[in-house]
Amino acid sequence: MEPVTTIETDASSNVIPYYSELPFYRKQIRIALKNCGIIDPKNINEYIARDGYSALSRALTELSPDDVITVMKDSGLRGRGGAGFSTGIKWEFCRRSRATPKFVICNADEGDPGAFMDRSILEGDPHSLIEGMTIAAYAIGAQEGYIYCRAEYPLAIAHIKNAIAQALEYGLLGENILGSNFSFHLYIKEGAGAFVCGEETALMASIEGRRGEPRPRPPFPAVSGLWYKPSNVNNVKSYAMTPQIVSKGAEWFNSIGTQKSPGTAIFALTGNINHTGLIEVPMGIPLREIIFDIGGGIPKGKQFKAVQTGGPLGGCLPASALDTPVDFDSLVEAGATMGSGGMIVVDEDTCMVDFARYFLTFASAESCGKCVPCRIGGQRLLEALTRITEGKGSPQDLEDIAYLSRNMREASLCALGQLTPGPVMAALRFFEEEYNAHIFEKRCPAKVCKGLITYTIIPEKCEGCMVCLRNCSSEAITGSKRMPHVIDIERCSRCGICATVCKFDAVMVE
Amino acid sequence: MPRLNNTQELATFRESLLAAQGAAAMRETIISIGMGTCGLAAGAGETYQAIQNELSKHNIQTRIKSVGCIGMCVNEPLVDIQLPGRPRVTYVNVTPARVSRIIAEHIIQGQVVQEWVLGKIPLDW
């Protein structure tokens, strides 16, 4: 925004803090999110006014494609989709491929439960993606590009379509961009929402109109990608950061974050946390600062229990890992992954067996079925975990989980199968005693797993008000007015409504 | 809008946009409503309607723009009000019920409704 030169101050607006003074924003550095929430995403002029398309203009006039690649390599930007491979080196591979035409592809198939980083950029600042992709196309030597976005993001798709039309009209996209010899056309491919289509080879198969299934790599997309032509696939966030790296230089980007993970990380903070939201922080910030300073801690005075990073294919970390710096390598070392930027915080009332089972249910349902380790392994893993949550687990189940996980990790075709055991393995590593309680003591310490808990009414506390009786969904409570009620555990469905409605704290969960 | 045919035309165009924006910011009130998916899910659509109704009721001319997500999804719907030549102030949880007081006190009387304010957006953001 253009600084208004003569800001009048008055008594009332003086006491209002600046965003940069608020706990939520104080530790944030906004690069990819620079314009989100500030500009009108449907108006290209607002983007241009905030230096939009100046990086593209600089690249086309002052830099050769090789210069752009050098800047990207020197910046140290690592792919923000989660794998963390050097963006500059990836572009270089693609540039060196001889075959033509080449394609630039944006992976906007954000499918992790609880993640909305990419959606927010597409909705809030679509031109930053278009500019980043156009710069990538110039560097690589591509004339066509695709944005692969799931159809469940209608607003994001509408905004990106509108942005493409405006950029075409202004000559910032299409034929002879800014009067140069360089032309680039951008298309949108709406995906049907299969999680596996976030895997780059499955994504490209889907663009080609085939079933979204991965294939073995190599050959990598840089050699043989879309329609067997050299292709470059990056995540929304990587492209959205590109214009500012080209404008401000590799050194500037390098000065933010850590040596091996320069720049910023974007997270969607969700779960049991006070400030649910979207944040951009310098790499290397400790988890504790994200969760307690920016995120404002855990609601209702509950205790922090774990944080899941990397989505359903990532891993959880316990309170003892809260001082882990958030960057690609440290998170892997600690037992989780960076992933694309989902961050789910859970409190003491969460059962870590059930938590892992939730992600496993998701990942195994999303297996495309092409390779056996993922298709069958995920299913068997889920069955073992389900048995444990139902109180039917045995020590053999733990052995099976370890065996299945090892084989899935080594033998699955793509990252989906390889990483499906991740959440279970991480939970087992950090919360083994909770698994043991389920298996050996038939007890769910967090009182979540329905097969392992019973609800009883404490007669001394019960006033016989009949509220629980009327609210019970399974008609399992009997009793009469002013007489202590009784729960029939055979009929009880463990829904917990009685405990919620009881005003006298008379319902006990064990 | 004609095509921008070279770098110079883009730079000149940006200069003209900045000049126009700067002048407009001294002249008109700008209301920004967070209308990303998070805002809409929290009811920003109804808030938008309520703001339009309230403005026409008082016969006030302002610019209303919809913006994306600024990150504090927990406080949506977020509404920013920028009076001419003043900082851009953000209100939290702006349900239709909060609209009339914000417009009456902030826009008409120039007095910020402190209890619903989150903060003001720095100019260099």
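## Chain B at a glance

Reading from the N terminus, chain B lays out its elements as α-β-α-α-β-β-β-α-β. That comes to four helices and five strands. Keep in mind throughout that this is a predicted model.

The C-alpha atoms of chain B fit a box of roughly 50 × 30 × 25 Å along the principal axes. Of its 125 residues, 42% count as buried. If you look at contacts in chain B with a separation of 6 or more, 70% of them come from residues 24 or more positions apart.

## Where the two chains meet

Chain A puts 46 residues into the contact, and chain B puts in 41 residues. On the side of chain A that touches chain B, the elements giving two or more residues are helices H1 (11–14), H3 (44–49), H4 (54–62), H7 (117–124) and H9 (154–170), plus strand E6. H7(A) gives the most, with four residues.

What does that side of chain A look like by class? It has 24 nonpolar, 15 polar and seven charged residues.

## How chain A is divided

The domain assignment of chain A gives four stretches: domain 1 (17–254), domain 2 (264–347), domain 3 (352–440) and domain 4 (454–509). If you want a feel for the spacing, the C-alpha centres of domain 2 and domain 4 of chain A sit 38 Å apart.

## The five-stranded sheet

Chain A has an open sheet of five strands, in the order E6-E5-E9-E7-E8, with mixed pairing. Strands E6 (277–282) and E8 (315–318) of chain A are the edges, each pairing on one side only. From one strand to the next, the twist averages 30°. In general, the strands of a sheet pair through backbone hydrogen bonds, and they can do so parallel or antiparallel.

One pairing to look at is E5 (residues 264–271) with E9 (residues 342–347) of chain A: the two run parallel and are joined by four bridges. A:Gly271 has A:Val345 as its bridge partner in E9(A). Over at E7 (304–309) and E8 of chain A, helix H19 (residues 422–430) lies across the strands, running at about 20° to E8(A).

## A buried helix: H8

Helix H8 of chain A covers residues 126–140, and its 15 residues should span 21 Å at 1.5 Å a residue; the end C-alpha atoms are 21 Å apart, so the two figures agree.

Why call H8(A) largely enclosed by the rest of the structure? Because 15 of its 15 residues are buried. Just after H8(A) comes A:Gly141, which takes a positive phi of about 95°.

## A closer look at Leu385

A:Leu385 belongs to helix H16 (residues 372–389) of chain A. Is A:Leu385 buried or exposed? It's buried, because 27 other C-beta atoms lie within 10 Å and the cut-off for buried is 20 or more.

Which residues does A:Leu385 touch, leaving aside those up to four places away in sequence? They are A:Val353, A:Ala356, A:Arg357, A:Leu360 and A:Val424. One of these, A:Val424, has a number that falls in the range of helix H19 (residues 422–430), the helix that lies across E7 and E8 of chain A. A:Asp397 is another residue to find on screen: A:Leu385 and A:Asp397 are twelve residues apart in sequence, and their C-alpha atoms are 7.7 Å apart in space.

Key:
Residues are numbered from 1 along each chain as its sequence is written. Chains are lettered from A and ligands numbered from 1 in the order in which they are written. This is a predicted model: local features need pLDDT of at least 70, side-chain atom pairs count only at pLDDT 80 or more; totals for chains, interfaces and linings use all residues. Two strands pair if DSSP finds at least two bridges between them. Axes are lines fitted to C-alpha atoms, for helices over the stretch in contact, and angles run from 0 to 180 degrees between N-to-C directions. Two residues are in contact if their C-beta atoms, placed from the backbone, lie within 7 Å. Domain bounds come from an automatic or database domain assignment. A residue is buried if 20 or more other C-beta atoms lie within 10 Å of its own, exposed if 12 or fewer, and partly exposed in between; C-beta atoms are placed from the backbone. The expected span of a helix is 1.5 Å times one less than its number of residues. Ala, Val, Leu, Ile, Met, Phe, Trp, Tyr, Cys and Pro count as nonpolar, Asp, Glu, Lys and Arg as charged, and the others, Gly among them, as polar.
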